[in-house]
Structures are given as structure tokens and as C-alpha cells.
Amino acid sequence: MLKGNINRTFPKVRMRRNRKSNWSRRLVAENYLKISDLILPLFVIDGVNKVQPVASMPGVNRLSIDNLLDTVKNAADYSIPTIAIFPVIEPSLKSDDGSEAIRANNLVCRAINSIKKSIPNIGVMCDVALDPYTTHGHDGILKDGEILNDKTVDILCRQAVLQAEAGCDIIAPSDMMDGRIGSIRSALDSEGFYNTQIMSYAAKYSSSFYGPFRDAVGSSGRLTGDKRTYQMDPRNSQEALHEVALDISEGADMVIVKPGLPYLDILYQVKSSFGIPTFAYQVSGEYSMLLSGIKNDFLPRKECIHESLIAFKRAGADGIITYFAEEVAKHLSKR
Ligand code: PBG
């Protein structure tokens, strides 16, 4: 922004001068996308040597742990700082109360463990929420049509500790229950995991852009009702600041705004109000939307992907969770 009372007018001022050549545009560029901004989300399934394409997310696969390791190794070679793992749970292991989430040695714990053992130089982040594990597809315990807050938080604390024990570096509660950050922080601390970070999905909206993700983890056909009693109303923005303030005071190290592009205003306000490390999640629906345009040759692939990501940087994101992370890291490392 122009500081002070400077009178700059045409023709003395020509804004196009600084744009006249590539080197000059680079010289005055305000934001850059870097490999260190990227978090790569990955879907893991049980079994050996499995690669299952996700129909609604062309280019994204569910991987068994052996194949997952190759992908994570590749991400680490590109210096992508962190991956986020999402488990695809066998229908027979799902239950009303999602108890598989707190079973030692479950799929996600095995995945975390294998990654930490063979690729120690990449951060591993993991959701805390019950939706992959429940028969009804909700993030919490469902009783008589209500998602029970405090009972759910108790389970989430156990889930977080279990994942930390497996080696998870960053616990990412994505459930939107009230008070969960404080409880999870205490649970982790009392088990000695005071160095385990918490990246809270602090402003997570009840969005229609999560559909392809629910396909990917196999919870879409199951979801009874919607998540509007815990995820935020897309009409609200002040409430997002309240949510973020609560999570910070409860001990969140970093916060997420989710979805991404439709919520850049929220991202901008969160970053400028609190200054805490703030991340955007470019969610599955955003990925699929872009890819549909690209697949139809309506949009140029590389340019549109980069433009969508620089938007997050402009709005103040410290990093972006994006299914394009590998592809973009490849581009950026060639420059
Ligand atoms: C589960 C969870 C969801 C996403 C991340 N964690 C879906 C949901 O809340 O229903 C969405 C991610 C995406 O759409 O890419 N708690």
C-alpha cells in the first residue's frame, strides 16, 4: 500500500513500467510459492501392493502402506516438509462408536509407524476425528440424532495419544467438537507428548466441497444427515475468529482454514488478526473442480494450479494442504 500522502498520477506514474519484462516482474513480485509451503494429503488402505484410483479425484489413489512409502519417499526427496495421512477403513471394522480409532496398531498407526521408521526426515500429520471409523460417517458419537460433544472429546483424546505413540508429529483435530484442543493438549502432555504439535482445523466449514474426499475414504454413502451441528455455517465469518481464538487459547500451535479458495476472506482475517501459523486446505472438491476444467481442456493445467495456490499465499497462508503438492513440488524444483 502507498504510505503517506503521496500524489502519484499519470503520466508521471506508469504502473506498467515495472511489468515490462520477466526479470522486472520477478524483482517486484510480492508472493512466492515454495516447496516448503506444501502439505501432501495421502489416502492409505489395508493390504499389499494396492493402488486404487479415486474416481471423483482423477490422479489421486488410495495406497497400501508399501506403496505409500514410495510416495512419501518421493515427497521427502522433493523436500515437501509434511504429509497428512487419511485412512480408508474396511467396512467390517466400522462401528457405531468408531472404536477402531482407538485400537492400537490400527491402519493409520501402522502407516505412521512405517513412515517414521523408513523416512524420518518428513513431518507426519494425522487427522483426529471419528468419521473414517463410524458406520454413520459422523466425526463423533451419535446418540438419538445428536453428536455428543464431551463423550466424543474423550475418545478423540485417546485417538490423539495413540497416534502420537505411533510417531505422529502433528495431531490435526478435524472434528469441530467444542473444547477438544484443550483436552487433547492435556492428554498429550500427561502422556509425555509435550512436543507433539497440534494443527487445529479451527475454522472448518460445513461445506459441499468435501464430497470427493468422503468418496475417497468411503464415508460418503453412509453419512446420515449432515455435519451442520458441529462444522461452521458458510454464512459466518466473525464466528471463525471466535473459533480460532478459542483454539489458540486452548493450545493450538497452528490453525487451518477449510475449505480454501471459497474462504480466502476468512484466511486473510485469521492471519491478520492472530499472526499464528495459518494453513489453508485446498479440499477435494476444489481439486476435482480444477481437474474437471483441465481434463476438458477448458483450463491450462500448470498455470491454473499455480494461480490457485498463489492466491493462498496472497491471503496470508503459511502453507497449503493440497492434493497437487507432488506435482507442484516437481515444477518448483525444476526452476
Ligand atoms: C474428516 C475430514 C474431512 C476432510 C478432512 N478431514 C471431511 C469431512 O469433514 O467431512 C475433507 C478434506 C477434503 O475434502 O479434501 N473429518
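## The largest cavity

A cavity is a set of grid points where a 1.4 Å probe fits but cannot get out, and its lining residues have an atom within 4 Å of a point. The structure discussed here is a predicted model. The largest cavity in the model is lined by 17 residues. Asp-131, Lys-204, Tyr-210, Phe-213 and Lys-258 are the ones that lie nearest its centre. The volume of the largest cavity is about 140 Å³, and the count of cavities of 30 Å³ or more comes to 4.

Two elements give two or more residues to the lining of the largest cavity: strand E9, residues 197-204, and helix H6, residues 211-217. Sorted by class, the lining of the largest cavity holds 7 nonpolar, 3 polar and 7 charged residues.

## The ligand

What does the largest cavity hold? The ligand sits there. Around the ligand are 17 residues, and the closest are Lys-204, Arg-214, Lys-258, Ser-284 and Tyr-323. Lys-204 and Lys-258 therefore appear in two lists: they are among the residues closest to the ligand, and they are among those nearest the centre of the largest cavity. By class, the shell around the ligand has 7 nonpolar, 3 polar and 7 charged residues.Three side chains place a polar atom beside the ligand. For Asp-131, a polar side-chain atom lies 3.1 Å from a nitrogen atom of the ligand. For Ser-174, the distance from a polar side-chain atom to a nitrogen atom of the ligand is 2.9 Å. Ser-284 has a polar side-chain atom 2.7 Å from an oxygen atom of the ligand. How much of the ligand does the protein bury? Taken alone, the ligand exposes 400 Å², and the protein buries 99% of that area.

## The largest pocket

The model also has pockets, which are open sets of points. The largest pocket contains about 680 Å³ of space. Its lining is made of 19 residues, and those closest to the centre of the pocket are Arg-25, Arg-26, Val-28, Ala-29 and Glu-30.

Which helix gives the most to this lining? Helix H1 does, with 4 residues. H1 covers residues 22-28, and helix H10 covers residues 301-315; each of them supplies at least two residues of the lining. By class, the lining of the largest pocket has 7 nonpolar, 4 polar and 8 charged residues.

## The second largest pocket

About 330 Å³ of space lies in the second largest pocket. Of its 18 lining residues, Gly-59, Val-60, Asn-61, Tyr-323 and Glu-326 are the closest to the centre. Tyr-323 is also one of the residues closest to the ligand.

Four elements give two or more residues to the lining of the second largest pocket: strand E1 (38-45), strand E3 (61-64), helix H9 (284-295) and helix H11 (325-334). E1 gives the most, with 4 residues. The lining of this pocket divides by class into 11 nonpolar, 3 polar and 4 charged residues.

## Backbone features

Most residues other than glycine have a negative phi, and most peptide bonds are trans. Some places in the model depart from this pattern. A cis peptide bond joins Phe-10 and Pro-11, with omega at about 10 degrees. Pro-11 is found in the segment before H1. Another cis peptide bond runs from Lys-258 to Pro-259, and its omega is near -5 degrees. Pro-259 belongs to the loop between strand E10 (254-258) and helix H8 (264-274). Lys-258, on the other side of that bond, is among the residues closest to the ligand.

Where is Asn-49? Asn-49 is in the loop between E1 and strand E2, which covers residues 51-53. Phi of Asn-49 is near 50 degrees, a positive value in a residue other than glycine.

Terms used
Residues numbered from 1 in each chain as written. Predicted model: local features only at pLDDT ≥ 70, side-chain atom pairs only at ≥ 80, totals over all residues. Heavy atoms only, no water. Near = heavy atom within 4 Å. Polar contact = N/O pair within 3.5 Å; in protein donor to acceptor, adjacent residues only side chain to side chain. Areas by Shrake-Rupley, 256 points an atom, 1.4 Å probe, with all protein chains shown as cover. 1 Å grid on protein atoms, 1.4 Å probe; cavity = no way out; pocket = protein on both sides within 12 Å on 5 of 7 lines; lining within 4 Å. Sits in = over half its atoms within 2 Å of the grid points. Nonpolar A, V, L, I, M, F, W, Y, C, P; charged D, E, K, R; others polar. Points joined across faces, edges and corners; volume = space filled by probe spheres on them.
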